[in-house]
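Grab the viewer and work through two short exercises. Try each one before you read its solution.

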Amino acid sequence: MPDGGHTYDPVADYLQQTGLSIDSLDEGEIELLKSLSRHEVDALVSIDNKGKQMQPIKRVGAAGY
Amino acid sequence: MHLSELFAARADPGGGLYLSLTRRCPLHCAHCSTRSTPHAEQHAAEPFLRLVGSFRPDERPGIVSLTGGEPLLRPRLVRDLAQLAARSGARTAVLSGMFFAARGRTPAAIRNALQPLDHVSASIDRFHEREVPRAAVLDVLRGLLDDGKQVSVHLTGDAADDPYLDRAIDEIRRALDDRCPIYVALVAAVGRAGEWLGATDQPRASVAEPCRLASWPVVAFDGTVVACCSQAAIDGPTPEHLRLGDAAVDEWPVIARRARESAMLRAIRTFGPRWIADQDSDGACDGYCETCLGLSRQPEVARLVDERMRRPQTALIERHAVRARPRAADWITPSRFAHLLELGRAPA
């Protein structure tokens, strides 16, 4: 997928950012990953690293929970 | 029902329901997130009873959490709701400031209200303790434990290293023989505390920040059913994308379907509001919840989010977000107190 004048490879970017190997993905996931934008790949990686993203945000529910 | 079961279900969309039974409270806590007073608004009982009466065994929340204000100011309603919920298989919990404990006895109406509940939680913090002594609350909890009731303490401090927390935890554990789980939280700049406590810095992540609060619907003080338990959303005006219905009109299966299936809510739970605003709007404003509240201001955003959530590749991201939902202990910050959630839990 073209991105900023370069060819962006979402699968390679995802694997590079997560440290996973291609074997950890099934064919269906690879096909879906191929059509993600850079922003979506970044979102997916951050979700996979959930603790780092959610912890600093202070939110309080109405019931205190 | 043990407190850890409540937290384990906390991130499940529609898995629970909060009922704000009243904004009234006889206490005057300076940190009250709902700004409750003795004469604040209170909705009629019928919409709450109607909504809980619409639960079916195959379509109901797992847990109904009765909150306020002080929900035990309406003991008959608490009892009726707990009994009604139980008919469908839903379990019921209450969070109370235990105002009655200060008088050294539990009134009969409140004893009757507590009887059908599956969990009773008491708030203890330095603000509550100005009006209700800690020892009196622990006496009530001890009596409930001895009767076989599952109870917990909701303990609030100023900071992770607040010595008040450690002293209170020691006393609670000793007085209740480690039979009572403790949920430790910190005062946040919400409600009355927002008048004297500086807002917590919310560092901006450059990527997705899935929302954890848009999961259990809340019936607000006026009967509006809100998708999120953020106090700002409940105080209103509730933006269209967070409004699930009206307890006086809508039945639970409709509310639950909206909570689970709304494209905007799924996007908020997957990406978080600031990511959505960056991608599909003209950008996030400063705050996390503030950005969310603004998402309905541009009608175009709902259409773009709807298109995004229909794409098969988004389903991949959504599946990962579902897998990454917090476990029970993940809700406890500061995390050094997370183990206290497990106190009193029977071995599996």
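**Exercise 1. Work out which strands pair with β1(B), and in which direction they run.**

Start with β2(B), residues 63–67: 5 bridges tie this strand to β1(B), and the two run parallel. To find the pairing on screen, click Leu17(B), which sits opposite Val64(B). Keep in mind that you're looking at a predicted model.

Next, try β7(B), residues 218–219, which is joined to β1(B) by 2 bridges and also runs parallel. Here Tyr18(B) has Val218(B) as its bridge partner.

Now trace the connection: β1(B), helix α2(B) (residues 45–53) and β2(B) form a β-α-β unit that is right-handed.

Last, check the side chains. Gly16(B), Tyr18(B) and Ser20(B) point one way, Leu17(B) and Leu19(B) the other, and all are buried. With 5 of its 5 residues buried, β1(B) is largely enclosed by the rest of the structure.

**Exercise 2. Decide which side of α5(B) is buried, and find what it packs against.**

First, get the helix in view: α5(B) covers residues 134–146 and reaches 18 Å from first C-alpha to last, close to the 18 Å expected.

Then pick out its buried residues: Arg134(B), Val137(B), Leu138(B), Val140(B) and Leu141(B). They span an arc of only 160 degrees around the axis, so they lie on the same side of α5(B). That fits a general rule: residues three or four places apart point the same way, because an α-helix has 3.6 residues a turn.

Flip to the other side, and you'll find Ala135(B) and Asp146(B) exposed.

Finally, look for the neighbours: the buried residues of α5(B) pack against β4, β5 and α6 of chain B.

How values were computed
Residues numbered from 1 in each chain as written. Chains lettered and ligands numbered in written order. Predicted model: local features only at pLDDT ≥ 70, side-chain atom pairs only at ≥ 80, totals over all residues. Buried ≥ 20, exposed ≤ 12 C-beta atoms within 10 Å, placed from the backbone. Helix = DSSP H or I, 4+ residues; strand = E, 2+ residues; numbered from the N terminus. Pairing = 2+ DSSP bridges. Right-handed = clockwise from strand over helix to strand, strands pointing away. Expected span 1.5 Å × (residues − 1). Arc of directions from axis to C-beta. Contact = placed C-beta atoms within 7 Å.
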